[in-house]
Amino acid sequence: MARFSSAIVRVVSIDAMDTIITTKEPISNIYSRVAGEFGFVVNSSDIASAFPGHMKKLFNSHPCFGYNSIGPSEWWKRLVQGCLQEASDNRIPDQKAGEIAHHLFNFYSSADAWRIVDPEMKAVIGDFRHRRLGVAVVSNFDGRLKKILRELELLPLFDIVVASGEVGVEKPNPSIFELVIKHYGLSNASGLLHVGDSFEKDYKAVRDIGGNSVLFDPSSSNRDIMNEHSITSFSELKVE
C-alpha cells in the first residue's frame, strides 16, 4: 500500500503506456499478421528481435517521435519498414512496406488495438477528483494518445494529457514534469505524485526533482523498491 497526504500532494500524474493502457496483443504478432495480409511471411519472433534496435535508432535520430522534424507518421513508417526488412528473408518492396506501415499506424490510432491495464484505475482516479486533486497524463507517446484515451472513454478522467510527441520533450527529462507543475501553479515538485511502470523514466525521474512517485509494478518484478513505493494495482494507491 502506498499512502500520501492530500495536504501535500495536490496533483497526480500518470504514465500511459503499460500503466493506463497497453496493447491487446504483442506488437510483433500484429506486425507479422498484417504483413501476412499483404502477402509477406515475416516471423513474429524475428520482428520482436528487430524492434528495440530500430526504435532506439529512431529515438536517437528523431527524438519525441519526430517532433519538429519528420513527424510521427513518418517516424513509425521508418520503424516498421526497418523491422520488416530486417526480419524478412525476402526483401519487401519499399512501397509495400510503406503500405503495411500506414495500415499499422491507423490501427494503433484506434481503441481496437488497446486495452485498459488495471480496471481499478477509473474508480481510484474518481476518488482523486472527488478530493479535488489535479489528475494528468504524462507519457512518452505521440499525438494519437488523446484519441485513444477518448475512444476508451478515459479522456474525461484527466485535466491534461502531456505527450512527448506533442511537447518535444520526453521522460526522464525534468522539463516534461515541469510542464505539469506549471499548469497547476505548484510552487515546486513536492505537490506532485507521479505513477508509472519505469524505474528510470517515472519513479526516479520525479524523485530526482523533489517530487513523489510510485512504481506501478503489477508483476512485482522490481525488488529494489520498498513496498510503500510500489503498487501492483491502483487500488493500493491512497491520497487522503
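# A two-domain chain and its helical side

Right after helix α1 comes G39, a residue with a positive phi, near 95 degrees. That turn-off point is a handy place to start reading this predicted model. The chain splits into domain 1, made of 2-23 + 114-239, and domain 2, which covers 27-113. Below is a short tour of how the two domains meet, followed by a look at two helices, α1 and α2.

**How the domains are placed**

- Between the C-alpha centres of domain 1 and domain 2 there is a distance of 28 Å.
- Domain 1 brings 18 residues to the contact, and domain 2 brings 14 residues.

**What the interface is made of**

- Domain 1 and domain 2 bury about 1300 Å² between them, and carbon and sulfur atoms give 58% of that area.
- On the domain 1 side, the residues that lose the most area to domain 2 are W114, R144 and E170, which together make up 42% of what that side buries.
- If you are looking for charge pairing across the boundary, the count of salt bridges between domain 1 and domain 2 is zero.
- Polar contacts do link domain 1 and domain 2: seven residue pairs are counted, with both residues at pLDDT 80 or more.

**Which elements of domain 1 take part**

- At least two residues each come from β3 (21-23), α7 (145-151) and α8 (164-167) on the side of domain 1 that touches domain 2.
- Of these contributions, the largest share belongs to α8, with four residues.
- Sorted by class, this side of domain 1 is evenly split: six nonpolar, six polar and six charged residues.

**Helix α1 and its packing**

- Helix α1 spans residues 27-37, and its buried residues are S28, I30, Y31, S32, V34 and A35.
- Those buried residues of α1 pack against three helices, namely α2 (44-61), α4 (71-87) and α5 (94-107).

**A closer look at H54**

- H54 sits in helix α2, one of the helices that the buried residues of α1 pack against.
- Is H54 buried or exposed? H54 counts as buried because its relative accessible area is 19%, and the cut-off for buried is under 20%.
- Leaving aside residues up to four places away in sequence, H54 touches L79, G82, C83 and E86.

Definitions and conventions
Residues numbered from 1 in each chain as written. Predicted model: local features only at pLDDT ≥ 70, side-chain atom pairs only at ≥ 80, totals over all residues. Heavy atoms only, no water. Domains from an automatic or database assignment. Contact = heavy atoms within 4.5 Å. Buried area = accessible area lost by both parts, 1.4 Å probe. Salt bridge = Lys/Arg side-chain N within 4 Å of Asp/Glu carboxyl O. Polar contact = N/O pair within 3.5 Å; in protein donor to acceptor, adjacent residues only side chain to side chain. Nonpolar A, V, L, I, M, F, W, Y, C, P; charged D, E, K, R; others polar. Buried < 20%, exposed > 50% of the residue type's maximum accessible area, 1.4 Å probe, protein only.
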